[in-house]
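Hi,

Here is the structure I promised to pass on. Have a look at it first, and my notes follow underneath.

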Amino acid sequence: MMMSIDTFSKKTGLSKSALRFYEEKGLLIPGRNEENGYRLYLEEQVDLARFINSLRLANVPLTEIKSYLSASEVKQRKIKQGWITSLEQQRDILDVQIKYIKSSIEDERIFLMEMKEERVLWVYAEGKQGGFSQYFIKGKEELEKQQISVQHFYLQYVSGRETVKAWIGFGVGQLDANTNITFFDKEESIRKSLCVATVFRGDFFKIEKAYQRLINYMSDNQYIPTGPLLERYSGNELNSATIVIPVMKWS
């Protein structure tokens, strides 16, 4: 059964302008009346029209819809899974953003920040709280000998109060295969993530208060950590630390 655009519009619930737009984008092609050139739609195109419109309402880009419609069944399953992953990630981002907006008036010292993916070399260290600068300096010197610049410094607390055990990290770019990293104990990549953070400046023997403030904020607002709590230092500024906790990983 062939239908005019008026009939097809009423049956699908889609406006005629939307149908023309989908035709223009190559998603829903009607036939043509040989005598007057009017559009003619088939009954089996009703479900297709509704499906296309549903994907648009789910914020799927037109180019991806077109690729999906022309793909094999196996490829379609992969494409659909990609949409699900993307939407779930968007949902997680919105959840974090809503929590932050609801709570930001309470403590403006807490903020959201994006951590980029970064390769990090780590060395194990022990010392007094706030007394790890020697490890930062020594690690940087070792890397500079090999003409490797440090983008960020990190400290990941392990245990202890009087004597603190921690990992000291050095964010670097790509390493040459011949790079000698024997000074360091391990190498890993920090994944791209959305973090809750606060900045600490001053007497580093009192940095524990900033840790506690951030942990309390996380607990009060029901954030779920997706990575370890880190002190992060930019460039050579070791007198100011950004304390971060990842709350969402980005693929």
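Let's start with helix α4 (residues 62-70), whose buried residues (under 20% relative accessible area, 1.4 Å probe, protein chains only) are L62, I65 and Y68. Looking down the axis of α4, these fall within an arc of 120° (taken from the directions from the helix axis to the C-beta atoms), so they line one face of the helix. T63 and S70 are exposed (over 50%) on the other side of α4. The cover over the buried residues of α4 includes α2 (16-24), α3 (45-57) and α5 (73-103).

Before I go on, the ground rules: this is a predicted model, with local features needing pLDDT of at least 70 and side-chain atom pairs counting only at pLDDT 80 or more, while totals for chains, interfaces and linings use all residues. Numbering runs from 1 along each chain as its sequence is written, and side-chain values use heavy atoms, leaving out hydrogens and water. Helices (H or I, at least four residues) and strands (E, at least two) are DSSP runs, numbered from the N terminus.

Next, the sheet. Three strands make an open, antiparallel sheet in the order β1-β3-β2, where pairing takes at least two DSSP bridges between two strands. Its edge strands, β1 (2-3) and β2 (31-32), each pair on one side only. M2 sits opposite L42 in β3.

Finally, T198 lies in strand β9 (residues 193-201) and is buried, at a relative accessible area of 0%. Its side chain reaches the backbone oxygen of R109 at 3.0 Å.

Cheers

How values were computed
A polar contact is a pair of N or O atoms within 3.5 Å; within protein, one must be able to donate a hydrogen and the other to accept it, and residues adjacent in sequence count only if both atoms are side-chain atoms. Contact means heavy atoms within 4.5 Å.
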